Amino acid sequence: MKQNFYNVIGVMSGTSLDGVDLAQIQFEIKKEQWHFKILECETVPYSPEWITQLKIAVGFSKKELEILNQNYTQLLSKIISDFIEKHQITNLDAVCSHGHTILHQPQNGFTLQIGNLPEIATLTQQKIVCDFRVQDVQLGGQGAPLVPIGDRILFSNYDYCLNLGGFSNISFEENNQRIAFDISPVNTVLNFYANQLGLNYDDKGTISASGKIHVPLFEKLNQLDFYQLKHPKSLGFEFVKEIILPLTDNFPIPIEDKLCTFTEHIALQTALALSIKKGNMLISGGGAYNVFLISRIQHYLPEMKIVIPEKKILEFKEALIFALLGILKLRNEINTLSSVTGAQKDHSAGVIYP
């Protein structure tokens, strides 16, 4: 008999490098419906040294990656243990952790999330469910996005679920199938240029709003091959490093104009990604705080009702959904959809320690 109540922690580290998101969540199944309550939650920022390491790791050798993985697993274990101790959390069913993506090359049958080594269970003294992407790639899938099954189970009252993080991804129902894919880079690029102005990020998009659209750059961005591909499709930091930044750096224009142009590009690609451009859309992720970006998305989708949820869901939606993915794995139930990733079949992904 499967249990109907779970007390878990979801752990997520995104490509925007804000830090590690942790959320204690209680899930309950009532009348075959999942309900959740987010209790304690916080984002633990990375030190400047760790941010540098995670940024440059895409170019590491195999040996350097192994050392990084060991060190990061220890860091993540301490962050999780400190969170449990700080909030005096007891009776946990599991800690469900995404780890941090360093390499994502599904076309080469490869994806690497660090922080998923077996030692994490010993160091935290908790049952751990983690490493959710590898199995999907082995089954011929993109290994991403994984959040859509959570959108279907927990947020079915929205026509679209848009996440604006390091990259943007969208999830929706089409012909009784969940469809989802990555749309474009977001904070990986916007933060990169904000950093060049000595800022961590462009607060509310005020700097972007002060710039002008540079039409030749805007047109070049929209012509990139990725945007012509059909889903399933996903993006990794390699795309930003090898394609986006060399292109934007090729134009000797003010950073304000680069930010403005790229924001417009994100907004246009978001609208182009939707087959039906009306209904209601839930927006989560750090980009939801970018007032200028949201206004430009609304400009391209005038008939769409944009909903930005309360702070806990807005900031911790991915931690929430990875917590659910972990529970589904514990229940040996499907947590990864082939309609989304392109894998050979729906499956239950992740590993359980111990």
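Where is Asn116 found? Select the loop between β5 (110-114) and α3 (119-124), and Asn116 is there. The model on screen is predicted.

**Stop 1: Asn116**

Show the side chain of Asn116. Its relative accessibility is 4%, so Asn116 counts as buried. Now add His98. A polar atom of the Asn116 side chain lies 3.5 Å from the backbone oxygen of His98. Expand the selection to the contacts of Asn116. Leaving out residues up to four places away in sequence, they are Asn69, Thr73, Ser97, His98, Gly99, Cys130, Asp131 and Tyr353.

**Stop 2: the cysteines**

Cys130 was one of the contacts of Asn116. Keep Cys130 and add Cys96. For the Cys96 sulfur, the closest cysteine sulfur is the one in Cys130, at 9.6 Å, which is too far for a bond. Cys96 has 0% relative accessibility and therefore counts as buried.

Next, select Cys41. Its sulfur has the sulfur of Cys96 as its closest cysteine partner, 16 Å away, again too far for a bond. Cys41 is partly exposed, at 21% relative accessible area. How many disulfides does the structure hold? The count is 0.

**Stop 3: Val8**

Cys96 also leads to strand β1 (residues 5-13), where Val8 is found. Cys96 is among the residues that Val8 touches. Beyond four places in sequence, the other contacts of Val8 are Ala23, Gln24, Ile25, Phe27, Leu92, Asp93, Ala94, Ala323 and Ile327. Is Val8 buried or exposed? At 0% relative accessibility, Val8 counts as buried.

Draw a distance from Val8 to Val137. The two are 129 residues apart in sequence, and their C-alpha atoms are 26 Å apart.

**Stop 4: backbone outliers**

Most residues other than glycine have a negative phi, and most peptide bonds are trans. Four places are worth selecting against that background.

- Glu32: this residue is not a glycine, yet its phi is positive, about 65°. Look in the loop between β2 (20-30) and β3 (33-44). Glu32 counts as exposed, at 76% relative accessibility.
- Lys204: phi is near 60°, positive in a residue other than glycine. Lys204 is found in the loop between α6 and α7. At 47% relative accessibility, Lys204 counts as partly exposed.
- Ala144 to Pro145: this peptide bond is cis, with omega near -15°. Pro145 is in the loop between α4 (134-138) and α5 (148-154).
- His231 to Pro232: this peptide bond is also cis, with omega near 5°. Find Pro232 in the loop between α8 (215-222) and α9.

**Stop 5: helix α6**

Select residues 187-196, which form helix α6. Why is α6 largely enclosed by the rest of the structure? Because 7 of its 10 residues are buried. Colour them: Asn187, Thr188, Val189, Leu190, Asn191, Tyr193 and Ala194. Then show what these buried residues pack against. Three strands take part: β7 (160-164), β8 (167-174) and β9 (177-185). The helices α9 (237-249) and α10 (255-272) are also packed against them. Step just past α6 to Gly198, where phi is positive at about 80°.

**Stop 6: helix α11**

Move to helix α11, residues 291-300. Its buried residues are Phe292, Leu293, Ile294, Arg296 and Ile297. They pack against the helices α7 (206-210) and α10. Strands β7, β10 (279-284) and β11 (304-307) complete the list of packing partners.

**Stop 7: α8 against α10**

Helix α10 has now come up with α6 and with α11. Keep α10 displayed and bring in α8. Their axes are 10 Å apart, at an angle of about 40°. The two helices are therefore oblique to each other. The crossing of α8 past α10 is right-handed.

Which residues meet in this pair? From α8, select Leu217, Phe218, Leu221 and Asn222. From α10, select Thr261, Phe262, Glu264, His265, Leu268 and Gln269. One reminder helps when reading such a list. An α-helix has 3.6 residues a turn, so residues three or four places apart point the same way. Rotate the view with both sets shown as sticks, and the tour ends there.

Terms used:
Residues are numbered from 1 along each chain as its sequence is written. This is a predicted model: local features need pLDDT of at least 70, side-chain atom pairs count only at pLDDT 80 or more; totals for chains, interfaces and linings use all residues. Side-chain values use heavy atoms; hydrogens and water are left out. Buried means under 20% relative accessible area, exposed over 50%, partly exposed in between (1.4 Å probe, protein chains only). Helices (H or I, at least four residues) and strands (E, at least two) are DSSP runs, numbered from the N terminus. Contact means heavy atoms within 4.5 Å. A disulfide is a pair of cysteine sulfur atoms within 2.5 Å. A polar contact is a pair of N or O atoms within 3.5 Å; within protein, one must be able to donate a hydrogen and the other to accept it, and residues adjacent in sequence count only if both atoms are side-chain atoms. Axes are lines fitted to C-alpha atoms, for helices over the stretch in contact, and angles run from 0 to 180 degrees between N-to-C directions. Angles under 35 degrees count as roughly parallel, over 145 as roughly antiparallel, 65 to 115 as roughly perpendicular and the rest as oblique. A crossing is left-handed if the near helix is turned anticlockwise from the far one by less than a right angle, and right-handed if clockwise.
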